Amino acid sequence: MIALNQNYFNLNLDYSLPSLKSGILTATKAYISTLKELYNLNKFLQISIYNIENFLLLNGADTVEKIDDILIKLEDISEVSSELLEENKTLKKWYNYPLRYMIERVETSNMSLQAMLGSQQAQIMHKNRTNDH
């Protein structure tokens, strides 16, 4: 009886381990890839904040309308991250803390950049009003 059960488990492990291994590998690669992308996005947003003049110059954001276009794109990122943080219950599990942490960092950097762009937009509007008078 013991030998029969041992063979049964050996057969199941031989069948399930390769698929389990490839599934874990695929999931781990996707998880790490997602973390890297979030890290790179956060780094880009932080660099943009610290070099706002260069960011505006490189993006040709010298008018209120162009800054509006950039703000719309940043708000789209904000909506996605907010939706993920609020609705995705698996992100609240302890084992997803690194992913949740990076999403929160991206959201914080994104909001900071939006505030800085809003400030630049206000400066341009004020400059246009003073030039009109």
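**View 1. The whole chain: four helices and zero strands.** Helices here are DSSP runs of H or I with at least four residues, strands are E runs of at least two, and both are numbered from the N terminus. Starting at the N terminus, the order is α-α-α-α. Of the 133 residues in the protein chain, 26% are buried. Buried means under 20% relative accessible area, exposed means over 50%, and partly exposed lies in between (1.4 Å probe, protein chains only). This is a predicted model, where local features need pLDDT of at least 70 and side-chain atom pairs count only at pLDDT 80 or more, while totals for chains, interfaces and linings use all residues. Residues are numbered from 1 along each chain as its sequence is written, and side-chain values use heavy atoms, leaving out hydrogens and water.

**View 2. A look along helix α3, residues 64-87.** With 24 residues at 1.5 Å a residue, α3 should span 34 Å, and its end C-alpha atoms sit 33 Å apart, which agrees. That expected span is 1.5 Å times one less than the number of residues. The buried residues of α3 are V64, I67, I70, L71, L74, S78, S81 and L85. An α-helix has 3.6 residues a turn, so residues three or four places apart point the same way.

**View 3. Where α3 meets helix α4, residues 97-132.** The two axes come within 9 Å and cross at roughly 160 degrees. That makes α3 roughly antiparallel to α4, a label for angles over 145 degrees (under 35 is roughly parallel, 65 to 115 roughly perpendicular, the rest oblique). Axes are lines fitted to C-alpha atoms, for helices over the stretch in contact, and angles run from 0 to 180 degrees between N-to-C directions. The contact of α3 with α4 involves 15 nonpolar, seven polar and five charged residues. Nonpolar covers Ala, Val, Leu, Ile, Met, Phe, Trp, Tyr, Cys and Pro; charged covers Asp, Glu, Lys and Arg; the others, Gly among them, are polar.

**View 4. Inside the largest nonpolar core, with its 22 residues.** F55, L56, I67, L113 and L117 touch the most other members. At least two core residues come from each of α1 (2-50), α2 (52-58), α3 and α4, and α4 gives the most, with seven. Such a core is a set of buried Ala, Val, Leu, Ile, Met, Phe, Trp, Tyr and Cys residues joined through side-chain atoms within 4.5 Å.

**View 5. Zooming in on I49, in helix α1.** I49 counts as buried, at 15% relative accessibility. Its C-alpha atom is 8.0 Å from that of S109, though the two are 60 residues apart along the chain.
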